[in-house]
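Please open the model in your viewer and keep the sequence panel beside it, so that each stop of this tour can be selected in turn.

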Amino acid sequence: MKPTHPGRLVGIVVAVALLTWAVIRPIYSDLPLLPWTAIPTVLLLAIGEGYSAWATKARIARKPDTKPVEPLAVARLAALGKASAYAGAAFAGLFAGFALNTVQLLDRETPRREFILATGSFVACVVLICAALYLEHACRIPKEPDERKRD
């Protein structure tokens with residue numbers, strides 16, 4: 001499995017944002033309101049992944065007072081990080097598309113609320129992407145001292 005490239009994630013965010021903006025623009029008034037629960041939910045996922053990354057990195061480095069980590073568990077965490085990064089990018093694009101649509105309607109109360117929720121959800125998704133990339137990075141096997149000298 002190769003590391004996730006941040007450029008691909010940015011591309012997904014931009015593509016999904018533009019697609020979402022184009023799709024919801026004509027039907028915005030018929031859509032239900034965005035839920036506020038996306039922000040704390042995504043932030044809790046990001047905190048969980050960030051903590052898992054920190055703990056896994058310490059266990060792989062065999063820090064004192066840590067248990068050895070199973071290789072299969074590390075592979076699963078790396079896959080979780082990769083999947084979370086791509087899902088976070090897709091949802092960040094979705095919320096960015098909503099924010100793009102509502103930014104021009106800030107003089108009205110409902111679109112202003114939608115803009116604030118979409119922007120907060122977008123930021124929470126970016127935090128999730130960062131935590132997922134950190135988790136993926138933490139699952140790498142450290143290089144041996146001999147390999148470091150060759151690089």
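In which helix is alanine 90 found? Select alanine 90 and you will find yourself in helix 3, at a residue that is partly exposed, with a relative accessible area of 31%. Please keep in mind from the outset that this is a predicted model. With residues up to four places away in sequence left out, alanine 90 touches Ile12 and Val16. If you add threonine 119 to the selection and draw a line from C-alpha to C-alpha, the two residues are 14 Å apart in space, while 29 residues separate them in sequence.

**Confidence**

Now colour the chain by pLDDT, for which the mean over the chain is 90, with 95% of the residues reaching 70 or more. Among the elements of the chain, helix 1 has the highest mean pLDDT, at 96, whereas helix 5 (residues 145-150) has the lowest, at 57.

**Helix 1**

Select residues 6-24, which form helix 1, and compare its length with what its residues would lead you to expect: at 1.5 Å a residue the 19 residues should span 27 Å, and the end C-alpha atoms are indeed 27 Å apart, so the two values agree. Next highlight Leu9, Val13, Ala17, Thr20 and Ile24, which are the buried residues of helix 1. Turn the view until you look down the axis of helix 1, and these buried residues fall within an arc of 70°, which means that they line one face of the helix. On the face turned away from that buried side, helix 1 carries the exposed residues Gly7, Arg8 and Leu19. To see what covers the buried residues of helix 1, display helix 3 (71-102) and helix 4 (109-138), both of which are included in that cover.

**Asparagine 101**

Stay with helix 3 and move along to asparagine 101, which lies in this helix. Is asparagine 101 buried or exposed? Asparagine 101 has a relative accessible area of 3%, and because this is under the 20% limit, the residue counts as buried. Show the side chains around asparagine 101, and you will find that it touches Trp21, Ile24, Arg25 and Tyr28, again without counting residues up to four places away in sequence. Ile24 was also one of the buried residues of helix 1.

**Helix 2 and its aromatic pair**

Go on to helix 2 (residues 38-60) and select tyrosine 51 and tryptophan 54, which both lie in this helix, 3 residues apart, or about one turn of the helix. A search of the whole structure finds 1 aromatic pair. The rings of tyrosine 51 and tryptophan 54 have their centres 5.7 Å apart and their planes at 40°, so the pair is described as tilted. Tyrosine 51 is exposed, with a relative accessible area of 53%, and tryptophan 54 is exposed as well, with a value of 54%.

Serine 52 also lies in helix 2, and this residue is partly exposed, with a relative accessible area of 25%. Add leucine 77 to the selection, and the C-alpha atoms of serine 52 and leucine 77 turn out to be 8.2 Å apart in space, although the residues are 25 apart in sequence.

**The loop after helix 2**

Follow the chain into the loop between helix 2 and helix 3, where arginine 62 is found. Phi of arginine 62 is near 55°, a positive value in a residue other than glycine, and arginine 62 is exposed, with a relative accessible area of 66%. Aspartate 65 has its place in the loop between helix 2 and helix 3 too, with a positive phi of about 65° although it is not a glycine. The relative accessible area of aspartate 65 is 86%, and the residue is exposed.

**The cysteines**

For the last stop, select the cysteines and ask how many disulfides a search of the whole structure finds. The search finds 0 disulfides. The closest cysteine sulfur to that of cysteine 130 belongs to cysteine 125 and is 11 Å away, which is too far for a bond. Cysteine 139 is in no disulfide either, and the nearest cysteine sulfur, that of cysteine 130, is 16 Å away. Cysteine 130 is partly exposed, with a relative accessible area of 47%, whereas cysteine 139, at 8%, counts as buried.

Technical notes:
Residues numbered from 1 in each chain as written. Predicted model: local features only at pLDDT ≥ 70, side-chain atom pairs only at ≥ 80, totals over all residues. Heavy atoms only, no water. Disulfide = S-S within 2.5 Å. Buried < 20%, exposed > 50% of the residue type's maximum accessible area, 1.4 Å probe, protein only. Helix = DSSP H or I, 4+ residues; strand = E, 2+ residues; numbered from the N terminus. Expected span 1.5 Å × (residues − 1). Arc of directions from axis to C-beta. Contact = heavy atoms within 4.5 Å. Phe/Tyr/Trp six-rings, centres within 6.5 Å; stacked < 30°, edge-to-face > 60°. pLDDT = per-residue confidence, 0-100.
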